[in-house]
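These notes are meant for a colleague who is opening this structure for the first time. Please keep the sequence and the model at hand while reading the points in order.

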Amino acid sequence: MSQSDSRTPASYLKRRPSPPVVTLAVGILASTVVLLWHARKLWFFGDEWEFLYQRGLTGGNGPGPFEPHNEHWSTIPLVLYRVMWQVVGLQHYQLWDLMPIAALMVGSVGLFVLLRRAGAADWVAVACAVVLAWNGAGEDTLWAFQIGFLGSLTAGILACLAVLSATSWRGLVLANVLLVAGLMCSGLGIPMVAWAALFTLMLRGWRTTLAVAVVPTLVYLAWYAAYGSSAVPDDEDPYVSWMQFVTYVWAGIGHVWDVTTGAPVGTVMFVALVAVALFARVTDELHALAVSGVVTTVFAYGMLASSRADLGPEQAQSLRYVPLGLVLTLPAFAILVGLVVAVLPGRRIERYAVAAGLVLVLVGSSYASTQTFAHDRANFMQGVEQRVLTGVYLEEKGEPLLRTTVEANSQTIDVGLLTAPGQRDHVPVVTPDDDELWTGRAQFRVAAMAAPADIPFAHHVSGVGVGGDLDLSDCAEVATNVLPLGYVEVPAGVKGTQIGLRNPGTALSVQLVHDGEVSEAATITTGAGQTVYVASNVPDADLRITLTTDTFGVCDHG
């Protein structure tokens, strides 16, 4: 190995930064700024709410810190969420999103040092690290909850670096600590242990491999026996054929470089990376890193397929898995870039200019993917933050709420839990304007219930869209109304208003009409084929109901 290949990570800090290091720093800083810019329009989503108000470090009445989230060991993300909850609260989502962004950037720097230590040229290592920092998986970098996935990947990179740099038992101990930390972040810690173990086996032999892999494996098995097995359903796993399994694995692996390149070349790219990893003449360290990476890629997607192949190959193509495949195949990509630079005609600087152009194309493709995700997620969550905070405001002002939840597509956010003792201090104080107040009232003071509320029934109801009053009957009867394009208008009452609906479909859209103004719509989930009672306790405001079915029954009493 050459003298330049034996540099320690500390040597990069002791000398004046070289152009490659400066380029890496600029690329990482630019990626961080861009990601934080996109995060400014995002807010808490999905699984985050369980960590925010249902999971604690002491357990209490809910799951404890070692209980799995789905099938993942998520103790470290949970601890980080509790710290952020105490320090930041529900304000400034960009600060929350700094967690996965920081993990990704640390991983990118770690990958640069790892590749350099393994024998890749400076500029080649920079190219790979920048591609990772700009990867197109916006779901991981723009959703704070994905600190779990990115934490596992970064721990795996640093563990491989610790193995490569180890000159004594201390380096191996550090690798063990990092691998256990990766397991405590998410299930992606498992393939990271496999990668580090295979890399160590190829480079140092089986004795050192045991020193690296045994402790993390035993720790994980102990956790699984005590806690993790509770996440496994009691019923048998759905049958998955070998064809489904292989299709899932191949679709997931190909998708990594489809997203990274912006072209449907992922499967061809992976085959090329396997070939250069196996047959290119490079240093032993880089060869071991690349081969172990592509082998672990197959193992990782096989692990995912073992529990998810029944969901179809589309699930394997989720953006959240792109960094996993990218981290594991970038060492082989480093070999490929080095070979391309070596065979190109022209002077050395011209060859590297061509390689830099290739990297810029990859960065541009990844940026487009991230931008699309940020736009879609912002639209998906539009208005949710304001509704949640308005619900907190209404409860504090003593307005009687008929429900406390916001149903935002696939998630349900319970405002009542945010106003509980010990929680309210971490929720920002807002003063809604008049439009926001009425939208909040439609969200929280209108409800659909299985039994009538203690609110007067309306005695005539208009069907807007077909015209005229609707047929009111006993809800036990089978009267129907056809309303294909319109909505139901329920007149106001001094104490609110209520109507029964038979077979209302799977969801209702409700609005309040006051002084000629119509609030924004709120969505209420209902059971298909059932009778529900839709009530509003807002005085002197008409209730407008839009159904998801065009044939239904209405009644003015239970």
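1. A good place to begin is the second largest cavity, whose lining is made up of Ala-103, Leu-104, Gly-107, Leu-132, Leu-150, Leu-153, Thr-154, Ile-157, Pro-323 and Val-327. Two or more residues of this lining come from each of helix 5, helix 8 (147-165) and helix 16 (322-343), and it is helix 8 that gives the most, with four residues. Sorted by class, the lining of the second largest cavity holds eight nonpolar and two polar residues, and no charged ones. The space in the second largest cavity comes to about 40 Å³. Please bear in mind, here and in what follows, that the model is a predicted one.

2. How many cavities of 30 Å³ or more does the count give? The count comes to two, and the largest cavity has a volume of about 60 Å³. Around the largest cavity one finds Ser-31, Val-34, Leu-35, Ala-133, Trp-134, Asn-135, Ser-366, Tyr-367 and Thr-370, with helix 2 and helix 17 each supplying at least two residues of the lining. The lining of the largest cavity divides into five nonpolar and four polar residues, and no charged residue belongs to it.

3. Among the pockets, the second largest one contains about 340 Å³ of space. Its lining counts 17 residues, and those closest to the centre of the pocket are Thr-23, Trp-123, Val-126, Ala-356 and Val-359. The elements that contribute two or more residues to this lining are helix 2 (19-39), helix 6 (122-133) and helix 17 (348-380). Of these, helix 17 gives the most, with seven residues. By class, 15 of the lining residues of the second largest pocket are nonpolar and two are polar, while none is charged.

4. For the setting as a whole, the protein chain contains 20 helices and 13 strands, and its C-alpha trace spans about 90 × 50 × 50 Å along the principal axes. The chain has 558 residues, of which 54% count as buried. If one takes the contacts in the chain with a separation of 6 or more, residues 24 or more positions apart account for 79% of them.

5. Glu-48, which is found in helix 3 (residues 48-53), deserves a careful look, since this residue is buried and yet has no salt bridge. The nearest side chain of opposite charge belongs to Arg-377 and is 6.2 Å away, whereas a salt bridge requires the nitrogen and the carboxyl oxygen to be within 4 Å of each other. When neighbours within four places in sequence are left aside, Glu-48 is in contact with Trp-43, Tyr-81, Tyr-93, Trp-143, Ala-144 and Phe-145.

6. Two residues call for attention on account of their backbone angles. Most residues other than glycine have a negative phi. His-92, although it is not a glycine, has a positive phi of about 55°, and its place is in the loop between helix 4 (75-87) and helix 5 (93-118). Is His-92 buried or exposed? His-92 counts as exposed because its relative accessibility is 53%, and the cut-off for that class is over 50%.

7. The other residue is Asp-540, again a residue other than glycine, with a positive phi near 55°. Asp-540 sits in the loop between strand 11 (531-536) and strand 12 (542-547). With a relative accessibility of 55%, Asp-540 therefore counts as exposed.

8. A last point concerns Leu-417, which lies in helix 19 (residues 415-418). Leu-417 counts as partly exposed because its relative accessibility is 32%, a value that falls in the class between under 20% and over 50%. Neighbours within four places in sequence left aside, Leu-417 is in contact with Tyr-53 and Gln-423. Leu-417 and Thr-405 are twelve residues apart in sequence, and their C-alpha atoms are 9.6 Å apart in space.

Notes. Residues numbered from 1 in each chain as written. Predicted model: local features only at pLDDT ≥ 70, side-chain atom pairs only at ≥ 80, totals over all residues. Heavy atoms only, no water. 1 Å grid on protein atoms, 1.4 Å probe; cavity = no way out; pocket = protein on both sides within 12 Å on 5 of 7 lines; lining within 4 Å. Points joined across faces, edges and corners; volume = space filled by probe spheres on them. Nonpolar A, V, L, I, M, F, W, Y, C, P; charged D, E, K, R; others polar. Buried < 20%, exposed > 50% of the residue type's maximum accessible area, 1.4 Å probe, protein only. Contact = heavy atoms within 4.5 Å. Lys, Arg positive; Asp, Glu negative; His and termini not counted.
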